[in-house]
Amino acid sequence: MVNQRGLWIEADNVTIAGQGAGMTVLKLMDGTTEGVMMLQTSNSVGAISHLRIADLTFDGNGGEVGASNNCVKLWNAEDFTVERCEFTNARGNGLTIWDGCKRGVVSACYSHGHRQFNPPGDLSIGFNVSPFGQAVEPRPPTDITLVGCIAENNSGHGFGVYKAVHVRLIGCQASGHVTDQPPFTSNGFNIDSASYVSASGCTSFDNQRGFAVYGADHTQFTGCAAYENEIAGYLGLGAKKLAMSACHATANLSVGVIIKSGLVAAEVFTLQG
């Protein structure tokens, strides 16, 4: 593929499926210089619904392309599913669930090896749920579930949730997220300015921070584990209504749990178990 977007979808009830991740591979060609999304949905005709993506590998060919790209960027998609896919080697994010997306489920996907070569601070995220970059009346991604997904060795965060609403992370794992672009940090799970985010049964290790919450409202961790992270297992900075139940923080190199006031006053921290 050498076009700006390899697959552009403006229709309902579309299924894009391969024979299995690692078997059916979509890869950008060497020398691509545009900002590429290997697959993108569009809002130019309104929301699209009932998109299914399954059993594919998306390879961004990061070292051989000349501009930032996402493997897959979903825009204004509703009632969609992404299953058993691999996202790798992008010069941007692996999977971005962007502006206007609603009621989506991502399950058993693997996002790894994304490296951003742009100026410091522009870091790559394995799974990105955010309207960031939409300048005109951004619409937060809403009612998004990620189940059994793994993010490894990306230059930014494993899972990033920014200004999204009602996001559920279930049985997900993040590891190996350590940036070489100080003062920025890479976290396994990074929840920023979002509302009603829950993480249950998730694991985060070998990152700079395991789970980080910045200025978010109503965040719940249940049965999560953070270990061997460089700075902290759990960080709550300016979070409102942050609750933790039956969680573990073991062998983190600095602190297990840090709760601070920040951009807004810290409110209602609950720790159980």
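**View 1. The surface of the whole chain, with its strands and contacts.** In this predicted model, the chain exposes about 11,100 Å². Carbon and sulfur atoms supply 52% of that exposed area. Of the 273 residues in the chain, 52% are buried. If you go looking for helices, you'll find zero, but there are 30 strands. Take the contacts with a separation of 6 or more: residues 24 or more positions apart account for 63% of them.

**View 2. Inside the largest nonpolar core.** This core has 52 residues. Which of them touch the most other members? They are Leu74, Phe87, Phe127, Leu146, Phe159 and Phe221. Zoom in on Phe221 and, once its neighbours within four places in sequence are set aside, you'll see contacts with Ile191, Ala199, Phe211, Val213 and Tyr234, as well as with Leu242, Ala243, Met244, Ser245 and Cys247.

**View 3. An open sheet of nine strands.** Follow the strands across the sheet and the order reads 3-7-10-13-16-19-22-25-28, with parallel pairing. Strand 3 (25–27) and strand 28 (248–250) stand at the edges with a single partner strand each, so one side of each has no neighbour in the sheet. On average, neighbouring strands here are turned by 10° against each other, direction ignored. As a reminder, strands of a sheet pair through backbone hydrogen bonds, either parallel or antiparallel. For one pair in detail, look at strand 22 (residues 203–205) and strand 25 (residues 225–227), which run parallel and are joined by three bridges. Here Ser204 stands opposite Ala226 of strand 25.

**View 4. Arg52 and Glu83, a salt bridge between two strands.** Side chains of opposite charge can pair when their charged atoms come close. The whole structure holds seven salt bridges, and one of them links Arg52 with Glu83, where the closest N and O atoms are 2.7 Å apart. Arg52 sits in strand 6 (residues 52–54) and Glu83 in strand 9 (residues 77–83), so this pair ties together parts that are 31 residues apart in sequence. Are the two partners buried or exposed? Arg52 counts as partly exposed, at 28% relative accessibility, while Glu83 counts as buried because its value is 18%, and the cut-off for buried is under 20%.

**View 5. Asp55 and Arg84, a salt bridge between two loops.** The side chains of Asp55 and Arg84 meet at 2.7 Å, N to O. Asp55 lies in the loop between strand 6 and strand 7 (57–59), and Arg84 in the loop between strand 9 and strand 10 (86–88), so the pair ties together parts that are 29 residues apart in sequence. Asp55 is the buried partner, at 16% relative accessibility, whereas Arg84 is partly exposed at 37%.

**View 6. Arg139 and Asp99, and a salt-bridge network.** In this salt bridge the closest N and O atoms of Arg139 and Asp99 are 2.5 Å apart. Arg139 belongs to the loop between strand 14 (127–129) and strand 15 (142–147), and Asp99 to the loop between strand 11 (95–97) and strand 12 (102–107), so parts 40 residues apart in sequence are tied together. Arg139 is partly exposed at 33% relative accessibility, but Asp99 is buried at 1%. Back at the residues of the two previous views, salt bridges that share partners join Arg52, Asp55, Glu83 and Arg84 into one network.

**View 7. Gln208 and the pairing of strands 23 and 26.** Gln208 is in the loop between strand 22 and strand 23 (209–214). Is Gln208 buried or exposed? At 9% relative accessibility, Gln208 counts as buried. Not counting residues up to four places away in sequence, Gln208 touches a list of residues including His177, Phe184, Asn187, Asn229, Glu230 and Ala232. That last residue also turns up in the strand pairing: Ala232, in strand 26, is the bridge partner of Arg209. Strand 23 and strand 26 pair in the parallel sense over five bridges. Strand 26 (residues 232–237) is mostly covered, with five of its six residues buried.

**View 8. Asn128, a buried residue in strand 14.** You'll find Asn128 in strand 14, where its relative accessible area of 10% makes it buried. Beyond its neighbours within four places in sequence, Asn128 is in contact with Asn93, Leu95, Thr96, Ile97 and Gly160.

Key. Residues are numbered from 1 along each chain as its sequence is written. This is a predicted model: local features need pLDDT of at least 70, side-chain atom pairs count only at pLDDT 80 or more; totals for chains, interfaces and linings use all residues. Side-chain values use heavy atoms; hydrogens and water are left out. Helices (H or I, at least four residues) and strands (E, at least two) are DSSP runs, numbered from the N terminus. Buried means under 20% relative accessible area, exposed over 50%, partly exposed in between (1.4 Å probe, protein chains only). Contact means heavy atoms within 4.5 Å. Accessible areas come from the Shrake-Rupley method with a 1.4 Å probe; for residues, only the protein chains shown count as cover. A nonpolar core is a set of buried Ala, Val, Leu, Ile, Met, Phe, Trp, Tyr and Cys residues joined through side-chain atoms within 4.5 Å. Two strands pair if DSSP finds at least two bridges between them. Axes are lines fitted to C-alpha atoms, for helices over the stretch in contact, and angles run from 0 to 180 degrees between N-to-C directions. A salt bridge is a side-chain nitrogen of Lys or Arg within 4 Å of a carboxyl oxygen of Asp or Glu.
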